[in-house]
Amino acid sequence: MGVFGSTGGQEPSGHEQVVFCQDKQTGLKAIIAIYSTALGPALGGTRCYPYASEEDALHDVLELSRGMAYKNAIAGLDHGGGKAVIWGDPEQVKTEALLRAYGRFVHSLGGRYYTACDVGTYVSDMDVIARETPYVTGRSPEYGGAGDSSVLTAWGVFQGMRAAAEHVWGTASLAGRRVGIAGLGKVGRHLTGHLVDDGAHVVATDVDERALEWARKTYPQVELVADTTALITSDIDVYSPCALGGALNDDTVPVLRAKVVVGAANNQLAHPGVEKLLAERGILYAPDYVVNAGGVIQVADEIKGFNFERAKLRATKIFDTTRQILRLAESEGVPPAVAADRLAERRMAEVGRLRTIHIP
Ligand code: NAI
């Protein structure tokens, strides 16, 4: 993908700003991408990952920052979309000096971009970055931060699942439904709790024995299966991908037995067109970025001074947003993923336009 749409005749990426940051002493190589500030300062996490090439890192940050613009818009936040990547193995590159050097680059954008945690970065890293810039959120509670965002991410996914259940079965309750969770990590564990409390039968899998052990000890009623293939081909009503991206693809969709898919993982659709495969099979897919916005809602709230109840109230609204998208999709005859994109684009255009009203 060309940043200015000038390479290889590909579609322009449409990003506002892409900044390459380098500090030779600390070994920092980072890219900050701002897709849009139409709704306010861009907000999105910093991913630290050992990309195979600079091209891969750029591709990822362009995709991720675009995704954040849509996620923040649909979540009703006064934030545009941005994201950053630090190129390197998080176990090896993340020194205090490197993170602080990175913080200075974030600061140089003057508040056009707020950073937060993502794959390979943690709350404690945000505390270090915050020593160089105030444009960071997702810090630890000791520093006035909101802490672990998976609490509200799981709550939001649960709300999205309730709205999807209501759409398909006429009742938002998951009681008696068989829900398959792939990935019992931070989000998957909180989600299991909400589902068990609601009376659902949880079937789950994870590649990490420690996660399975947690389930056996905490929720002995959870049915554990060998792997994701066993999970999706078993008799489940709802499939909840809570591990990695690309869970819905040409191999999984044809064998999926669930009627509904609602999960936390980002980028669940492996490629454009998968949403149509799902629709053809009569499987209702609640778009990932709509239902997993609880985490960004939490860190956005922290920017104003964190209030858990206020953030939770906002994450609870994911129920209404999901319901609105599913109804819009039905009335317009498009998959929910398309309806969600349309709603997000509409808000970016309508609310973003207000900034053209001159205030002296
Ligand atoms: P995590 O790293 O705590 O948990 C992921 C779990 O998936 C781990 O237990 C891992 O062992 C398991 N896993 C990995 N590969 C697997 C496979 N092939 N089959 C089954 N299990 C597998 O991550 P977390 O925070 O729970 O996030 C889960 C997903 O939700 C990720 O895709 C993340 O990007 C996304 N997400 C998380 C948010 C948050 O606030 N934590 C916010 C929005 C999205």
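A residue is buried when its relative accessible area is under 20%, exposed when over 50%, and partly exposed in between (1.4 Å probe, protein chains only). The model is predicted: local features need pLDDT of at least 70, side-chain atom pairs count only at pLDDT 80 or more, and totals for chains, interfaces and linings use all residues. Residues are numbered from 1 along each chain as its sequence is written, and side-chain values use heavy atoms, with hydrogens and water left out.

**Exercise 1. Decide how many disulfides the model has, and check Cys-21 and Cys-242.**

Step 1. A disulfide is a pair of cysteine sulfur atoms within 2.5 Å.
Step 2. For Cys-21, the closest cysteine sulfur belongs to Cys-48 and is 13 Å away, too far for a bond. Cys-21 is buried, at 3% relative accessible area.
Step 3. For Cys-242, the closest cysteine sulfur is that of Cys-117, at 19 Å, again too far for a bond. Cys-242 is also buried, at 11%.
Step 4. The disulfide count is zero.

**Exercise 2. Lay out the sheet that contains β7 and find its edges.**

Step 1. Strands (E, at least two residues) and helices (H or I, at least four) are DSSP runs, numbered from the N terminus. Two strands pair if DSSP finds at least two bridges between them.
Step 2. The open sheet has six strands in the order β9-β8-β7-β10-β11-β12, with parallel pairing.
Step 3. β9 (223–224) and β12 (284–285) each have a single partner strand, so they are the edges and one side of each lacks a neighbour in the sheet.
Step 4. β7 (residues 178–182) and β10 (residues 238–241) are joined by four bridges; one partner pair is Val-179 with Val-238.

**Exercise 3. Describe the surroundings of Thr-205.**

Step 1. Thr-205 lies in strand β8 and is buried, with a relative accessible area of 2%.
Step 2. Contact means heavy atoms within 4.5 Å. Leaving out residues up to four places away in sequence, Thr-205 touches residues including Ile-181, Leu-212, Asp-227 and Leu-231.
Step 3. A polar atom of the Thr-205 side chain lies 3.0 Å from the backbone oxygen of Val-225.

**Exercise 4. Identify the residues closest to the ligand and give distances for two of them.**

Step 1. A residue is near a molecule if one of its heavy atoms lies within 4 Å of it.
Step 2. The ligand is surrounded by 19 residues, the closest being Ser-149, Thr-153, Val-187, Asp-206 and Ala-243.
Step 3. A polar side-chain atom of Ser-149 is 2.8 Å from a ligand oxygen atom. A backbone N or O atom of Val-187 is 2.8 Å from an oxygen atom of the ligand.

Methods:
Polar contact = N/O pair within 3.5 Å; in protein donor to acceptor, adjacent residues only side chain to side chain.
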